[in-house]
Amino acid sequence: MENLLYAQTQHTPQIEFNEKEKTISITGNSYPEDSFSFYQPIIQWLKEFMGNCSQNDTVKVIIFIDYMNSSSLKVYFEFFDILEEGNDKGVKIDIDWYYQIDNDIAEETGEDFALDFETLNIKLISRN
Amino acid sequence: MRNIDKDNITLEELYRLYTKQNNRLNIIIKRSDKQELKFRELNQELNEYKNNLEEKVKIATKEIVELNLEIEETQREVIFTMGAIGENRSKETGNHVKRVAEYSKLLALFYGLDEEEAELLRKASPMHDIGKIAIPDAILNKKGQFTDEEFELMKAHSQIGYDMINQSNRPLLKTAAILAFQHHERFDGDGYPQGLKGEEIHIYGRITALADVFDALGSDRCYKKAWNDNRIFDFFKQEKGGYFDPRLVDIFFENLDKFLEIRDNMRD
């Protein structure tokens, strides 16, 4: 399985998924014109990766998105669903949700995820 | 959403999934509304800032334009007042300097100088006699011929005027200094203070000499009555290449109507 690498653009975040290291990192903004098409291969990769993970594995997820549009938000529910499935089958998943200290919308979005996915270990971390 | 067995799903499970999805939808809508509100507020702020800025720039620009006008007006008044000090003391009228200024600009344009330079000459022209402030009244207003000694004193006004104004580096005052220094030079070299000849005399000096003499001859002075036009024109023809630059004399006669028009419009 190949690692997944997307350079950051004005509308889309930098994406670095490393299969061997079991790290998943997403940073930047997310408002592509067609979020579903943009995230389709990313979701696909995550599904396959999570399917390959076993009970003793630890996966580190870092998400630091300043701004995401509504369709991106919908995609991230699906993203967290996949993580939750992995979590349910015993993979240890640590999620760090970063937000700029004055960005209350990003903070609340993190809180919403933490509430909706109560079994997932989501840590909210503010940055200056 | 997790994979579900569509055939064997219970009503409770379906309801649970429905509630969950509905919940997520609400989260998305709620957040979307919040973002829209934020955008609108930011947009409004930006618009206000923009409008404010336009208004401020408009006011500032208006102030600058007014200040500039004020400066230009002040400059004109100072120059005319300075020129008038000399003129008044020698009992010449205030319009003399203004007419000479207009003639000078016209001569400059016809001679081929550009508008900017011609305008500079017009503005500087009223200062050409500024050195007269150092000449005693008794000499300035003397009726009849000067003694040699008096004439030497009178002639000093060129040098004095030059020394007064040439200290400055402003183009306007530099120009005025040339006028003050050279407006009594003659094309044939018999003028003063330096006795320069032909094109050794700066074009500004040659122009002012012609303009000044033309106006002086047509006006009453303490030492003479005004000449009639024919006498003036004969003098100009006679002094073409003598007192005056021949090219300027030609220009003068070729455009005589325009010079007479200025004289008529600015009578004393």
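Me: Helices are DSSP runs of H or I with at least four residues, and strands are runs of E with at least two. How many helices and strands does chain B have?
Reply: This is a predicted model. Read along the sequence, chain B runs α-α-α-α-α-α-α-α-α-α. The totals for chain B are 10 helices and 0 strands.

Me: What is the radius of gyration of chain B, set against the globule rule?
Reply: The C-alpha trace of chain B spans about 135 × 40 × 35 Å along its principal axes. For 268 residues the globule rule gives 18 Å. Chain B is well over that, so it is more spread out than a compact globule. Its radius of gyration is 38 Å.

Me: What share of the residues in chain B is buried?
Reply: Buried means under 20% relative accessible area. Chain B exposes about 16,100 Å², with carbon and sulfur atoms supplying 53% of that. Of the 268 residues in chain B, the buried share is 41%.

Me: Which residues make the nonpolar surface patch of about 320 Å²?
Reply: One member, Val57(B), sits in helix α1 of chain B, residues 11-89. The patch is made by Val57(B) together with two others. In sequence order, the members are Tyr49(B), Leu53(B) and Val57(B).

Me: Which residues touch the most other members of the largest nonpolar core?
Reply: This core has 44 residues. Elements giving two or more residues to it include α2, α3 and α6 of chain B. The most comes from α7(B), with 9 residues. The residues that touch the most other members are Phe214(B) and Phe236(B).

Me: Where does Ser125(B) lie?
Reply: Ser125(B) is buried, with a relative accessible area of 0%. Beyond four places in sequence, it touches Val100(B), Ala101(B), Ser104(B) and Leu179(B). Its place is the chain B loop between α3 and α4.

Me: Is Phe80(A) buried or exposed?
Reply: Phe80(A) lies in helix α2 of chain A, residues 70-88. Its contacts beyond four places in sequence include Trp97(A), Phe113(A) and Phe117(A). At a relative accessible area of 0%, Phe80(A) is buried.

Me: Which residue forms a salt bridge with Arg24(B)?
Reply: Arg24(B) is in helix α1 of chain B and its partner is in helix α2 of chain A, so the pair joins two chains. Arg24(B) is buried at 4% relative accessible area. The closest N and O atoms are 2.8 Å apart. The partner is Asp81(A).

Me: How many residues apart in sequence are the parts that Arg263(B) and Asp229(B) tie together?
Reply: Their side chains meet in a salt bridge of 2.8 Å, N to O. At 14% relative accessibility Arg263(B) counts as buried, while Asp229(B), at 25%, counts as partly exposed. Arg263(B) lies in helix α10 and Asp229(B) in helix α8, so the pair ties parts whose separation is 34 residues.

Me: Which residue forms a salt bridge with Arg267(B)?
Reply: The closest N and O atoms of this pair are 3.2 Å apart. The partner counts as partly exposed, at 44% relative accessibility. That partner is Asp264(B).

How values were computed. Residues are numbered from 1 along each chain as its sequence is written. Chains are lettered from A and ligands numbered from 1 in the order in which they are written. This is a predicted model: local features need pLDDT of at least 70, side-chain atom pairs count only at pLDDT 80 or more; totals for chains, interfaces and linings use all residues. Side-chain values use heavy atoms; hydrogens and water are left out. Patches are made of residues with over 30% relative accessible area and no salt bridge: like charges are joined within 9 Å, nonpolar side chains (Val, Leu, Ile, Met, Phe, Trp, Tyr) within 5 Å. Accessible areas come from the Shrake-Rupley method with a 1.4 Å probe; for residues, only the protein chains shown count as cover. A salt bridge is a side-chain nitrogen of Lys or Arg within 4 Å of a carboxyl oxygen of Asp or Glu. The radius of gyration is taken over C-alpha atoms; the globule rule is 2.2 Å times the number of residues to the power 0.38. Buried means under 20% relative accessible area, exposed over 50%, partly exposed in between (1.4 Å probe, protein chains only). A nonpolar core is a set of buried Ala, Val, Leu, Ile, Met, Phe, Trp, Tyr and Cys residues joined through side-chain atoms within 4.5 Å. Contact means heavy atoms within 4.5 Å.
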